[in-house]
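Here's a quick look at how two protein chains sit against each other. Have the structure open while you read.

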There are 2 protein chains.
Amino acid sequence: MTGSAALFTDRYELTMVDAALRDGTAHRESLFEAFARRLPDGRRYGVVAGTGRLLELIDRFRFEDPELDWLREHEVVRPETLDWLADYRFSGDIHGYREGEVYFPGSPLLSIEASFAEAVVLETLVLSTLNFDSSVASAAARMASVALGRPIAEMGSRRTNERSAVAAARAAYIGGFDATSNLEAGRTWGIPTMGTAAHAFTLLHDSEEDAFRAQVAAFGPKTTLLVDTYDIREGVELAVRVAGPELGAVRIDSGDLPTVVAAVREQLDDLGAVHTKITVTSDLDEFTIAGLSGAPVDSYGVGTSVVTGSGAPAAGMVYKLVARRDDAGEWVAVAKASTAKASVGGRKNAARRLDSTRTAREELVFVGDGPGGAAEFEPGSRLRALMVPLMRDGVADAAHLGTAGTAAARAHRAEAMQELPIEAFRLGRGEAAIPTSYR
Amino acid sequence: MTGSAALFTDRYELTMVDAALRDGTAHRESLFEAFARRLPDGRRYGVVAGTGRLLELIDRFRFEDPELDWLREHEVVRPETLDWLADYRFSGDIHGYREGEVYFPGSPLLSIEASFAEAVVLETLVLSTLNFDSSVASAAARMASVALGRPIAEMGSRRTNERSAVAAARAAYIGGFDATSNLEAGRTWGIPTMGTAAHAFTLLHDSEEDAFRAQVAAFGPKTTLLVDTYDIREGVELAVRVAGPELGAVRIDSGDLPTVVAAVREQLDDLGAVHTKITVTSDLDEFTIAGLSGAPVDSYGVGTSVVTGSGAPAAGMVYKLVARRDDAGEWVAVAKASTAKASVGGRKNAARRLDSTRTAREELVFVGDGPGGAAEFEPGSRLRALMVPLMRDGVADAAHLGTAGTAAARAHRAEAMQELPIEAFRLGRGEAAIPTSYR
């Protein structure tokens with residue numbers, strides 16, 4: 001597999017380009033929109049993620065010789081179409097929700113304007129990045145919100161594909177997590193990394209004491225010792241004996257956590273290790289974290305549930321042609337009409353209506369407006385514009401890229417979530433926290 | 001991100017190496033095992049996938065200068081440990097279940113023997129590949145088994161990370177799917193690719209008729225026309241009018257499928273298009289496919305549910321140190337003792353006990369044996385040996401790699417599934433199809 005993203009594409013996208021180049025419609029100016037028809041069952045809000053990664057992937061979306069050779073050999077498209085693909089470089093405009101923005105059903109998350117052919121070949125790439133990353137970020141935001149300010153780390157790399165693990169770490173960070181166990185996410189996206197030892201390290205040694213001594217010799221007493229390989233009570237006692245009362249933390253990865261954590265806190269205090277922290281990492285999700293809110297936990301590590309979207313491993317976003325120019329140059333709104341999956345055609349703009357306390361009350365989707373920015377809404381209007389320019393003439397706004405873009409997305413998520421009404425934070429199943437209205 | 005897989009690693013693996021190099025235990029010969037404590041809720045069997053990809057990734061697992069520089073700059077490990085990482089090349093042995101093999105709780109899927117340090121740094125990579133790919137292959141096998149021989153294609157790239165989509169297409173193929181929409185999976189793994197057009201192609205044109213004419217002009221009447229953009233009945237009539245009764249197929253992506261499919265079949269027959277096939281693609285999973293068994297469907301396309309493991313997006317596999325040599329050179333079985341997550345320590349071998357009809361009756365896990373191959377079991381014994389050599393002294397058995405390995409895994413899955421008792425194919429929730437016994 002090369003570095004090109006060009007074949008992260010469903011075959012029908014190239015087939016459509018092939019047929020549309022033949023009849024000339026490939027060059028019709030078109031507007032595609034990415035949105036979610038609904039939130040995952042019972043969720044109150046979603047968090048957009050993947051946008052920054054997507055912009056970088058679109059920038060690298062080129063058909064090089066290896067891709068063209070393979071397409072030729074397998075007769076996926078006609079030779080004339082291969083020539084068009086060889087010259088491909090996205091040259092259109094993309095507006096959309098900032099990465100880290102909160103979203104609701106129908107929110108026009110991304111609006112891609114280009115020729116039909118240029119825009120349609122990005123369908124799979126757009127949806128893969130948004131669906132996966134938003135799934136993780138949305139789950140992460142729920143977990144971080146019930147962690148009540150206690151640090152929370154993502155450590156689920158092993159429960160998702162080795163490369164999606166890197167994207168998951170990034171999305172969880174945008175969603176409000178503080179660190180990741182994944183080293184590539186640290187390198188690529190500047191996310192703080194963490195981790196000390198697994199049970200294997202204890203089992204490698206002739207005794208738990210040998211293992212603890214080895215770890216303290218290597219990293220000093222401020223390290224985190226995993227105390228549940230054999231017996232937690234004995235493990236805690238040994239940990240403090242080996243590291244002294246200045247031991248940084250103990251990690252607990254099993255057991256009935258509320259009970260165990262309370263007992264360990266008491267034991268640590270009795271041993272004089274009053275500043276030693278307790279971190280827990282055993283199959284946590286938003287519900288078990290909420291259940292630990294009264295326990296003396298100092299930090300959380302979350303694996304499977306966050307990288308798999310806590311029951312919603314894909315955010316359900318779709319990519320639809322919503323408008324295109326006809327031969328007379330007029331924009332025509334278009335939409336599939338069949339009942340179960342009907343869409344709203346036409347160009348969209350969106351704003352969030354806030355009340356006097358800056359609490360979100362309504363997601364307003366304006367149909368037919370141009371995809372303008374904040375300037376369209378007066379500063380005092382209590383409408384917060386949601387769509388910003390992300391790419392102009394094929395050039396991405398650098399503010400959304402790389403480690404800085406990732407950090408900005410995390411900060412934006414924190415701000416946007418402050419606007420959510422209190423009902424949004426209930427974990428029980430329910431409707432979207434605010435209604436979406438089309439205007 | 002470079003081509004190296006070395007940072008698809010949790011930080012604690014390097015931390016453990018760092019501490020174990022300091023006290024010398026890093027070089028203790030160790031045996032790690034990958035297994036699943038249980039199957040996903042209600043499932044009767046699982047299908048191993050990811051093995052071939054994993055062997056290729058282990059082969060490329062090297063710390064090059066960019067990785068070493070980053071680790072140095074962030075002080076993840078000591079400088080001496082960086083030197084050890086710079087020389088890293090896996091030189092151990094790997095035995096395990098063939099890719100495509102059926103598995104049950106406790107099946108010793110992979111047995112990795114090397115020094116502690118060499119083996120422990122692979123933990124995340126081993127689990128990411130096995131957990132994700134096996135999740136998809138296990139779901140795919142259930143779907144393929146209820147498709148009753150009708151072709152079934154994977155088209156869920158858009159519902160998972162852009163790179164995991166390629167692995168998902170491969171895993172679904174191993175699980176029994178026949179094709180994928182994902183072009184990179186076609187190129188990298190030799191999987192047949194498919195796809196013609198989306199609703200956007202119809203909406204791009206001034207009329208459905210224009211769109212159908214364009215598609216038939218490009219690909220001939222044997223193409224598949226998507227007939228549900230506006231009105232299915234009118235769409236079908238138009239499709240046959242444009243392409244003639246030799247129209248290859250119509251695709252239906254919405255509606256109450258059993259009813260709609262029956263009506264479309266009748267309509268096609270009335271129009272003389274008796275050989276025109278019907279393919280359906282609307283939010284299918286094993287349950288809706290089973291519900292269509294009596295409907296005149298000719299082929300299925302499945303998206304979200306297969307790439308997200310149909311409710312079980314991670315297979316729940318873990319990677320545990322089960323044995324290591326002590327300073328006297330003796331192997332010592334080791335296992336975590338805490339109750340909820342206790343493991344069985346020791347070296348494992350495994351065989352499936354078959355009855356006189358070659359139906360599987362029991363998963364036998366021998367504890368303490370060497371990881372031998374089929375030779376350990378007599379040919380007439382009705383015990384099928386399950387563990388084969390996958391990598392010897394760091395060199396992978398080429399039979400498991402690349403497109404040939406992928407095809408072999410798919411063929412092996414078909415054979416292994418023929419041994420399953422009939423109860424294994426029930427979709428209702430239940431216990432594993434056969435019990436696992438430790439000997």
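How many residue pairs are in polar contact across the interface of chain B and chain A? In this predicted model, the rule finds 50 such pairs, counting those with both residues at pLDDT 80 or more. Helix α1 of chain B, residues 11-23, gives the largest share of the side that touches chain A, namely 11 residues. Sorted by class, that side of chain B is made up of 41 nonpolar, 29 polar and 26 charged residues.

Now for the salt bridges. The rule finds 16 of them across the interface of chain B and chain A. One to pull up on screen is A:R158 with B:E123, where the closest N and O atoms are 2.7 Å apart.

Here are the overall numbers for the interface.

| Interface item | Value |
|---|---|
| Residues of chain B in contact with chain A | 96 residues |
| Residues of chain A in contact with chain B | 97 residues |
| Area buried between chain B and chain A | about 8,400 Å² |
| Share of that area on carbon and sulfur atoms | 58% |

What about symmetry? Turn chain B by 180°, with 0.0 Å of shift along the axis, and it superposes on chain A with an RMSD of 0.0 Å. That's how a two-fold axis relates its copies. Both copies use the same surface, too: 100% of the contact residues of chain B recur in chain A.

Finally, a look at the annotation. An unreviewed UniProt entry places the feature "domain: Nicotinate phosphoribosyltransferase N-terminal" at residues 7-131 of chain A. In the model, that span is 42% helix and 18% strand, and its end C-alpha atoms lie 18 Å apart.

Conventions. Residues are numbered from 1 along each chain as its sequence is written. Chains are lettered from A and ligands numbered from 1 in the order in which they are written. This is a predicted model: local features need pLDDT of at least 70, side-chain atom pairs count only at pLDDT 80 or more; totals for chains, interfaces and linings use all residues. Side-chain values use heavy atoms; hydrogens and water are left out. Contact means heavy atoms within 4.5 Å. Buried area is the accessible area (1.4 Å probe) that two parts lose on being put together, summed over both. A salt bridge is a side-chain nitrogen of Lys or Arg within 4 Å of a carboxyl oxygen of Asp or Glu. A polar contact is a pair of N or O atoms within 3.5 Å; within protein, one must be able to donate a hydrogen and the other to accept it, and residues adjacent in sequence count only if both atoms are side-chain atoms. Helices (H or I, at least four residues) and strands (E, at least two) are DSSP runs, numbered from the N terminus. Ala, Val, Leu, Ile, Met, Phe, Trp, Tyr, Cys and Pro count as nonpolar, Asp, Glu, Lys and Arg as charged, and the others, Gly among them, as polar. UniProt positions are given in the numbering used here, feature names are shortened, and annotations may be inferred rather than shown by experiment. Copies are superposed by least squares on the C-alpha atoms of residues with pLDDT of at least 70 in both.
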